[in-house]
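Hello,

Here is the structure we spoke of handing over. Please open it first, then read the notes below it.

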Amino acid sequence: MMLEVRNLHAYYGQSHILHGVDLEVGEGEIVSLLGRNGVGRSTTCKAIMGLVPPQGVVKYRGKDVAGLRSDLVARCGIGYVPEDRQIFPTLTVRQNLELGLKKAGKFGRWNFQDVFRLFPNLDARQDTAAGVLSGGEQQMLTMCRTLMGDPDLILIDEPTEGLAPKLVEQVGLLLEEIARRGVSILLVEQKLTIALKICARLYVMGHGRIVFEGTPADLNANADVRREWLEV
Amino acid sequence: MEIVLISLLNGLVYGMLLFMLASGLTLIFSMMGVLNFAHASIYMIGAYLAFTVSQVLGFFPALIIAPILCGLLGAAIEIYGLRRVHHNGHIAELLFTFGLVFIIQRGVQMTWGMLPMAYRVPAILDFPLFTVYGANFPAYRGFMLLISAGMLLATWLLLKKTRIGLIIQAALTHPQMASSLGHNVPMVFTIVFAGGCLLAGLAGVIGGNYQTTEPGMAEAMGPIVFVVVVFGGLGSLAGCFIASIVMGVIQTFAVVIDYSFIDFLKPLGISVTADNLLTEILTVPVARIGALLPFAMMILILLFRPRGLLGTRDT
């Protein structure tokens with residue numbers, strides 16, 4: 001198993017956010033993590049990355065990475081795209097992408113040409129401060145920045161949040177491209193349409209634990225789960 | 001006229017010295033959130049180390065060795081002190097650096113004694129560089145300008161043109177993101193802290209014989225540097241630079257200006273003659289309150305523009 005999470009707990013100060021999360025992502029697999037706001041999906045990503053202190057088992061390709069410093073987790077091959085994007089606003093688009101590289105000039109599956117071919121908007125604005133890009137452009141930049149580091153597994157938190165339908169479609173295309181290049185994806189989403197379309201397997205979270213596991217077809221067949229844990 | 005020109009140059013020299021201290025302080029603050037009270041103490045250590053090293057090896061080796069020692073000391077403080085205290089929050093960090101001030105103060109007094117050191121300008125630079133209207137401009141001040149301008153350029157190049165500079169800039173805004181992209185942010189913090197201390201040490205080397213090397217020099221310099229950082233705006237090197245030069249020039253001018261506020265009122269046709277408190281305040285010569293001016297300006301800027309000249313945030 002590529003990523004194996006067992007009985008993962010996490011706290012923000014006094015509040016207990018994750019109550020024993022179990023999940024797995026296989027090599028080359030696309031897995032969705034669904035659920036309403038505040039159930040702990042983002043915290044799960046952060047705990048895997050070591051941005052929130054994790055308690056429990058986080059194994060990456062058999063190696064225990066729980067509690068490692070984030071940069072070391074990243075260097076194992078896990079990429080992370082945060083929900084709040086966190087682009088470096090005063091730096092240019094190109095500099096943001098450069099920061100994705102783990103070592104200067106060391107390219108893996110992705111390079112500048114790839115990014116600029118996929119997103120001509122970013123090409124035209126290479127030397128613009130990233131802070132002035134539109135929300136959609138910033139989202140593409142954030143995803144591409146992480147891809148530049150050539151992760152084998154990428155955790156993507158709510159990439160379509162607040163984006164216009166046309167841009168959501170672009171995010172979908174990029175996700176497909178990522179999968180085509182053999183990168184595994186753990187996708188945190190609220191929009192069922194996009195998640196169900198691209199993933200092979202999914203988890204539904206509620207109150208800090210996994211409440212459902214199955215294929216998109218299983219979820220479609222299970223109206224109770226959808227009503228109780230997903231629909232607003 | 002000659003006073004204006006010479007004071008301007010002196011103000012520039014002093015301002016650049018301030019900037020060497022304040023730039024490190026503002027970088028450390030904006031990146032790590034640590035207000036390093038001990039920054040001026042490192043400046044003092046730089047001066048003392050330079051004095052000791054220069055007695056053995058001469059001034060120019062000291063110019064290189066003392067700042068490096070200060071940088072190493074800074075790295076040690078960050079790794080063995082701040083990093084451990086960090087988990088307990090900003091108050092703990094503040095108290096830690098505050099404690100360092102006293103430890104360094106006592107340490108310096110125990111090692112070198114209470115009296116001022118005979119740390120003098122090296123003979124080779126001890127001549128008037130040029131004379132304007134009969135007033136001399138010492139070569140050593142020109143040398144200080146040269147060193148500080150060189151350091152400014154080097155820091156700028158490091159930040160803007162190198163990869164480590166790029167990572168430093170990234171960690172300034174989103175340290176967690178920089179870390180998730182695989183960059184060793186704690187090491188970046190150590191580099192910045194050590195770099196700031198190196199600059200402070202260098203300021204001590206060239207400032208120690210420009211002013212006096214004595215146990216009170218950290219206390220004298222510390223508050224002014226804080227004023228510069230607040231005035232320029234936290235997190236902005238450009239603001240910090242402007243503030244340093246402005247403070248330097250203001251302080252040098254204030255010393256040589258022979259007027260009092262009442263002299264400025266006279267041309268407006270206002271004359272105050274009554275014998276009361278207001279008149280008393282107005283007749284104090286600017287030269288005597290020169291040392292107060294920076295603090296008065298800090299209060300004004302805190303009241304009317306809390307983020308400072310070019311600050312990026314309100315903290």
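**A leucine in chain A**

A:Leu167 sits in helix H7 of chain A, which covers residues 165-180. Please keep in mind that this is a predicted model.

Is A:Leu167 buried or exposed, or partly exposed? Its relative accessible area is 26%, so A:Leu167 ranks as partly exposed. The cut-offs matter here: buried means under 20%, and exposed means over 50%.

Which residues does A:Leu167 touch, once neighbours within four places in sequence are set aside? The contacts are A:Gly136 and A:Met140. A:Gly136 is 31 residues from A:Leu167 in sequence. In space, the C-alpha atoms of A:Leu167 and A:Gly136 are 6.4 Å apart.

**Cysteines**

How many disulfides does the structure hold over all chains? The count is zero.

Take A:Cys45, which is in no disulfide. The nearest cysteine sulfur to A:Cys45 belongs to A:Cys199, 14 Å away. A disulfide needs the two sulfur atoms within 2.5 Å, so this pair does not qualify.

A:Cys144 is in no disulfide either. For A:Cys144 the nearest cysteine sulfur is that of A:Cys45, at 18 Å.

Both residues are covered. A:Cys45 has 0% relative accessibility, so it counts as buried. A:Cys144 has 1% relative accessibility and so counts as buried.

**Chain B as a whole**

Now the other chain. Chain B contains 14 helices and two strands. Its radius of gyration is 21 Å, and the globule rule gives 20 Å for 315 residues. The two values are close, so chain B is as compact as a globular protein of that length. Along its principal axes, the C-alpha trace of chain B spans about 70 × 50 × 40 Å.

What share of the 315 residues of chain B counts as buried? The figure is 49%.

Contacts in chain B are reported for residues at least 6 apart in sequence. Of these, 78% join residues at least 24 apart.

The accessible surface of chain B is about 14,900 Å². Carbon and sulfur atoms account for 72% of that surface.

Charges come last. Chain B carries 13 positive and 11 negative side chains. The centres of the two sets are 16 Å apart.

Best wishes

Notes. Residues numbered from 1 in each chain as written. Chains lettered and ligands numbered in written order. Predicted model: local features only at pLDDT ≥ 70, side-chain atom pairs only at ≥ 80, totals over all residues. Heavy atoms only, no water. Helix = DSSP H or I, 4+ residues; strand = E, 2+ residues; numbered from the N terminus. Rg over C-alpha atoms; globule rule 2.2 N^0.38 Å. Buried < 20%, exposed > 50% of the residue type's maximum accessible area, 1.4 Å probe, protein only. Contact = heavy atoms within 4.5 Å. Areas by Shrake-Rupley, 256 points an atom, 1.4 Å probe, with all protein chains shown as cover. Lys, Arg positive; Asp, Glu negative; His and termini not counted. Charge placed at Lys NZ, Arg CZ, Asp CG, Glu CD.
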